[in-house]
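Me: I would like to go through this protein term by term, asking each time what justifies the word being used. Please set each value against its definition.

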Amino acid sequence: MHIAQGVFKAVNVNKCTLSGTNSTFVFWVADWFALMNDKMGGDLEKIKIVGRYLIEVWKAAGMDLTNVEFKWASEEITTNADKYWPTMLDVARRFNVTRIKKCCQIMGRLEGSLTAAQVLYPLMQCTDVFFLRADICQLGVDQRKVNMLAREYCDAARIKNKPIILSHHMLYGLKAGQEKMSKSDPDSAIFMEDTREDVERKIMAAYCPSMEAEAEEEGGGATAAAAAADADDAGKESMQLKEDKLKNPCLDYISNIILSPAGATFTAGGTTYTDFDEIKSAFLSGGISEEELKRGLIDELNKLLEPVRTHFAEDENARTLLEQVRRFKRESSAPPADKEVRRLNLVKEGIVRPGCHVAFAPQPSAKPTLQEAADTLTRLKLGGGGGGGGGGRVLFLSDWSARVCGCCDADVKAIAAYYSVFLASLRALDPAAMDGVAVVYQSEAILADPSNYWISVINVGRRFSLDEVMGTEMKDSDGVGIVISRLMRVADVMGLEAASVAAGPGGDPGANVVS
């Protein structure tokens, strides 16, 4: 954990929960998101241990937990899957691809290199706001675009009270040209686990310009090098809340970490300061030398980190957690073992038989036709009497995909009514053909094992670029819900273990291509 996640977060939380604010700060512990990103080898228990370790760091860093509540995403989303995922589908249906691409800065990717899965993350982060019923979203300025998406969703969904967006500053990396700290470069930031020697080494080597011209000249080459090493980093221009041409990370640490708590002071060159502008002025004028500034910063950082070091050295629970996290890191460097693919398994759930023949019903509309019913009967009969592999015949009704695509204006009752009329038509036209057909509603299938289903949707999205899933017939002005429905179609097929699948022109043709 770097210092912005540790000390800086603790300071910001304490400000938000000061006496008189009457507020509760809810930490959304994103263990489920770590799981679907295959962190810690996809082992949820290991991920939870890392989460408990983070809580110990915050406690030791001085976070007042009196009005702080921790919610574990894995528990909340799984327990309330029937509420969380329909909300996500509703968010998706209200925005086009162009709007969601603008949010993908949170994935650190340029638009042209997006995978299909990466459009899901901002949609889910937006969903989190409403699932948690958050009044205020307190995140880094790098998350601003997706937080604004939540406010725009309020307009689209006619939600009166919009969430307030409270963005905090993003600390610079310690090296020249680093607009933010890099997880892949341990020398780009101070970490909560750093020793005194680590802190001294990093700060003494840190970029520390004293003039704007110097910053532009030295930072230019470094920025080019950083760009070459991390060409897919997106949104750098929006990492800061205010213009700063100097971009001195040492001054940045002093302003936003050292002096952030009420009553804090900073000592350099034998003088103690309480005002950042005075420190900056003294440094730029030569009143404080670079070495004096850095030595003062080293002392203050070690004062902040010492309680954390002491806590993890003396508290048995904290020490055990740290040892486990370190072991997990070593294990994660080993070659990954082959693992079972995470997916919905409707055979295991007893919903369908293995080797079945599946026909997908057409997308619902306000004007169902007999021709749609007749074509669907033809596709059902392709599986023969016992299904293509002897597993019977299945009629799959993609009701959640219909919602995310905005069919029947995403009206749940209208979609259900369409399927009722459609099923009645099938049975009236050919009762013998419908005899023994298993009718499966997508929503019910998903809710049988929602975690594995949505993990499979994410994993499918990782395999394809966004452009591949969109194909040639989709434009950026089209709804992003179409992309989600295509990924869901693949996850549906994976979950069915069918011997044969039939879907006609009434469905989404792009989904068939991806499958």
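Reply: To begin with the chain as a whole, residues 24 or more positions apart account for 75% of the contacts in the protein with a separation of 6 or more, where contact means heavy atoms within 4.5 Å. This is a predicted model, in which local features need pLDDT of at least 70 and side-chain atom pairs count only at pLDDT 80 or more, while totals for chains, interfaces and linings use all residues. Residues are numbered from 1 along each chain as its sequence is written, and side-chain values use heavy atoms, with hydrogens and water left out.

Me: Why is Asn-302 called buried?

Reply: Asn-302 is called buried because its relative accessible area is 5%, and the word applies under 20%, whereas exposed means over 50% and partly exposed lies in between (1.4 Å probe, protein chains only). Asn-302 sits in helix α13, residues 290–314, and touches Arg-196, Val-199 and Arg-309, leaving aside residues up to four places away in sequence. Across the protein, 49% of the 515 residues count as buried.

Me: What makes a set of residues a nonpolar core, and which members of the largest one touch the most others?

Reply: A nonpolar core is a set of buried Ala, Val, Leu, Ile, Met, Phe, Trp, Tyr and Cys residues joined through side-chain atoms within 4.5 Å. The largest one has 70 residues, of which Trp-32, Trp-85, Trp-454, Val-483, Ile-484 and Met-488 touch the most other members. Helix α7, residues 120–131, gives the most to this core, with 8 residues. Apart from this core lies another, of 61 residues, including Leu-174, Met-181, Cys-208 and Tyr-273. In soluble globular proteins, nonpolar side chains tend to be buried together.

Me: Why is Lys-247 called partly exposed, and what is notable about its phi?

Reply: Lys-247 has a relative accessible area of 34%, so partly exposed is the word that applies. Its phi is near 55 degrees, a positive value in a residue other than glycine. Most residues other than glycine have a negative phi. Lys-247 is placed in the loop between α10 (212–229) and α11 (249–258), these helices being DSSP runs of H or I with at least four residues, as strands are runs of E with at least two, numbered from the N terminus.

Me: How do you know that Glu-497 is partly exposed, and where is it found?

Reply: The relative accessible area of Glu-497 is 30%, and therefore Glu-497 is partly exposed. Glu-497 is found in the loop between α22 (481–496) and β10 (500–503), and its phi is positive, about 50 degrees, although it is not a glycine.
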